[in-house]
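Visitor: I should be grateful for a close look at a single part of this structure, taking one chain and following its strands and loops with care. Where would you begin?

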Amino acid sequence: MSKAAHHPGFIRKYIFSTDHKVIGIQFLISSLVFMVLGGLLAMLMRWQLGWPGSPLTFMEKIAPEGMSGGIMVPEYYNMLFTMHGSIMIFFGIIPLLVGAFGNYLIPLKIGAPDMAFPKLNMLSFWMFLPSAVIVLLGFWAEGGAAATGWTAYPPLSALTQTAGIGQTFWVAGVILLGFSSIFGSVNYVATILNMRAQGMTFHRLPISIWALFTTAVLTLLATPVLASAMVLLLLDRTLGTSFFLPAGLVVSGEALSHAGGQPILWQHLFWFYSHPAVYIMILPAMGFVSDILPTFARKPIFGYHAIAYASVGIGAVGFMVWAHHMFQSGMNPALGTTFMISTMAVAVPTGVKVFSWMGTLWRGAIRITTPMLHALGFVAMFVIGGLTGIFLGSTPVDMYMHDTYFVVGHLHYVLFGGSLFGAFAGITFWYPKMFGRQLNDRLGQLHFWLTFLFFNAVMFPMFVLGLGGMPRRIYDYTQYSGLVHFAGLNRMMSIAAFCLMGSQLIFVLNFFWSMFRGKKAGENPWESTTLEWGTPSPPPHGNFTSPQTVYCGPYEYSVPGMKRDWRMQTEKK
Amino acid sequence: MNKHLRWGWIVLSAAFFASYWSLDTLSALAAGKSPEAAVRGTVAQAAGTATVSGKVTLAGSAPAPQKIQMAADPVCLQQHKEPVFAQGLVVNGGAIQHALVYVKEGLQGSFPAPVQPVVLNQTGCMYEPHVFGIQAGQPLEIRNSDATLHNINCQAKSNKKFNIAQPTKGMKSTKMFDQPEMAIPFKCNVHPWMASYGSVFSHPFFAVTDAQGAYSLKGLPAGTYTIEVWQEKLGTQNQSVTVADGETKDLSFTLKGN
Amino acid sequence: MLLPESASSIAPKVDLLFWVIFWITAFFFFIVQAGLIFFVLKYRAKKGRAASYIHGNTLLEIVWTVIPALILLGLTISSQRLWVEIRSPHRAPATSLNVEILAEQFAWNVRYAGPDGVFDTQDDVSALNQLHLPVGIPVTLRIRSKDVIHSFFVPEFRIKQDAVPGLPTQVWVEATRRGEYEIRCAELCGLGHYRMKGFVTTQSMGDFQNWLVEAKANE
């Protein structure tokens, strides 16, 4: 397959590498760095929400226009939540779950020496990094970075009168990122279909591979639509077209000459990608949890086929729910009905998975380790996110809740409570394989509990705020007499947010310290069954010293009659 | 795939996106126009001693003034016991207030911009002053004296546009204009009736008529000038005048109503 | 309580649906969280006890697929009933009172058709950020926008409708009590979005007519 360059220099080995493991780690480190940046932006937002209008003096030097005298101005706040969302989604969670873990795990778990197209893989990473740089360049543009929400609805985002150059950077960067995702996904699909080891039938694949496969198909089908929408938006902004701009616009007293466009068209195109995108963000995490729970419950996964097909089902139905983000958009209410039906329907396979995970724990022999804690945290928190989604799926209730903090709470429970805890589970589980060293488990558990506590303290009250009618994307909610009584709650949430951010230091310290001083890890420190645990930590270039043959399913734990309580997939009966 | 093809792809993609980026940047730069030095002669002009003054009046009857809906914002409403009227055409007994009178032609040399700022105050949910003149390179200090959000939406054409929010009372922003420009609109979008018109000159010889319709241009060097008056609704009118050192000439305008 | 007071005819129905969903989801929330905690504690690894080698239970899996599906079907049907009542133009109560709300950055332009019932005539009454409604009469709000997308949201009415330039929309509301409420903009529309506040006053028909006359004089 890959003609190994036997003595590659530093640059070929660690910078411009085609080895899927190196690329996976490159995605891992990059996305973690971007998530820290996204988190810092959130801290600034929480400052404003906790103490509206209070000066934060050191920011005056960093943002002289946006925080002159240390006091935030509304347009700066709009930029903060826009970039927080954009960075976390596009440069944080997706590259972390799909880019890092997809790359690292797929060849190892299916018994392949590398991806089908290693060079395309490298290109995928090296398009991702510049795309982030382009979007972030907006911070130095006149008027600052994009500030129209990560959803960038036109006409606000399409008119240069209402959105400056930073918006153009944002659009260009996202287009480039879209190509990076598409290239990566082509690789995943080709690799999983064609390069499975002997005996690795589809029904012996670990659930994480089912999940990553579904995710890759979603990416291939949905991302081109986003890229197209972005190109149309770019044309509206730069070449005077009117894809999203109707006739009769009057902005600040000036009548504009656009005609023929529809703002709602953007919403359809955007959400056609962005709803599958949230499944792109959750399915891999669900997959990791499905690998991790059996390992630490020492028990096969409950309902392997149900979980595998539910993953595919969620992906498929996930393509039919996009306009539940648009119930109040002015689209035909009959469309609201059809999308409500599909939205309620997608809750069924999701529920099946949750019950299956619980079934995996039942009558297990549970070992509490850091990855297990994160996996359990995932189930507990994702359920809250999923259940609150039901409120939003009911069109009349959504009429009240749409664009309030109820949605902000819901999305953070699925994306942080779900995806991020799932990512932490994956990182702490596969860290020994990646770096050949163990993370400090005590520090890991401390990090989990602090994160869990402060996360809930910040996010759960958001449901209360939303029910009270607090709209989202609001720089100063105290302008509304009906919301002033939420001051104490907002302050508490902000303090919890600062503590949440601070707690991540423990993770960062553990991550880097253990890389050099952690206890050396053997091949299979967790006594797990899948193929990656049958090769050294870290695996050599080419992954396996000899071709692998698979004899059984991926979760054969506590098999009666066996002395050890696990059977490797490659173990002959 | 050989390395030339690989690098070719990367460079091509980068060039594709760079071209879109630069297209937008260039067009924005062109629209905004990079700052050029204000028109300056090579010789700074010494202070003159002539004065041109007069009144601006309206021929015909003044239209009924339009009431402003201050109730749109309680913070605005509570600052006014009496109804407030729009300032598009303010006439007191025939005299036009808020008309801008200025030297249009005839000056020579350069006039350094004062360091002292012109203050544009948002107070009682109105812009004060409603009409003002400012020199190119002179700072404009925009103050919010109300306990409510005002934004300053400056729709300049030859100068750089801006739109900034000042959410709290006491906030100040300072802006500067490099190009002479007539009647730049300043609006607040939160309170749509708020409007002010600022004109940028390369010299200091401009004045706004007071409640009696009177204006005065002091310190003019001796010479022949075209003096013009601008009123928001009635347009412009100009006259020629010649002054010697120390002389005071009276120059009045009568604008026709629509 | 958790929700603001209800001041429109559909608000109690929306609230009822909300509470039904609340108790159903609360039930599942409790069984999942309690189940997790219970299983983790009860089935901790103990010397001498191995985990059970179980791959699944088809009957159980069918049950926990079908029951949630049925519950969700029920929620869908009851949601749809209310949705039709709120949104279907054919089911909206007939009314002669039409109000146009033209959103712009960053204010709500309110316009009544006046005594002749026709817009764009001399007797139209305009107001800025002030929406007055008579109690007990269904009113049709025609929502439009001048520049970018805004969203007309009155929490106590439980209604929300995006104001989309180029796409006039409408929503009907019947106020059920006298009071003063706020209009909040619920779609990001620029730097003044957070402050795009309007005022709703619901009053008796007599007071409403008096206000219309007063507003006309104040124009």
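Guide: Let us begin in chain B, in the loop between strand S5 (118–123) and S6, where Cys125(B) is found. The model is a predicted one, and the values that follow are computed from it. Most residues other than glycine have a negative phi, and most peptide bonds are trans. Cys125(B), although not a glycine, has a positive phi of about 60 degrees. Is this residue buried or exposed? Cys125(B) has 23 C-beta neighbours inside 10 Å, and the threshold for burial is 20 or more, so the residue counts as buried.

Further along chain B comes strand S6 (126–128), and the loop between S6 and S7 of chain B holds Pro129(B). The peptide bond that joins Glu128(B) to Pro129(B) is cis, with omega about 5 degrees. Thus two backbone features deserve attention in this part of chain B: the positive phi of Cys125(B) and the cis bond between Glu128(B) and Pro129(B).

Strand S7 (131–135) of chain B leads into a sheet, in which S7 is an edge strand that pairs on one side only. The sheet is open and has five strands in the order S7-S13-S12-S9-S10, with mixed pairing. At the other edge stands strand S10 (162–166) of chain B, which likewise pairs on one side only. From one strand to the next, the twist averages 25 degrees.

What is the sense of the pairing between strand S9 (residues 150–154) of chain B and S10(B)? These two strands pair in the antiparallel sense, over five bridges. Within that pair, Asn153(B) stands opposite Asn163(B), which belongs to S10(B).

For comparison, similar backbone features may be examined in the other chains. In chain C, Asn129(C) has a positive phi of about 65 degrees and is not a glycine. Asn129(C) lies in the loop between strand S3 (125–128) and strand S4 (130–134) of chain C. With 23 other C-beta atoms within 10 Å, Asn129(C) is buried. In chain A, the peptide bond from Pro154(A) to Pro155(A) is cis, its omega being near 0 degrees. Pro155(A) is located in the loop between helix H5 (118–137) and helix H6 (165–194) of chain A.

Definitions and conventions. Residues numbered from 1 in each chain as written. Chains lettered and ligands numbered in written order. Predicted model: local features only at pLDDT ≥ 70, side-chain atom pairs only at ≥ 80, totals over all residues. Pairing = 2+ DSSP bridges. Helix = DSSP H or I, 4+ residues; strand = E, 2+ residues; numbered from the N terminus. Axes fitted to C-alpha atoms, helices over the stretch in contact; angles between N-to-C directions. Buried ≥ 20, exposed ≤ 12 C-beta atoms within 10 Å, placed from the backbone.
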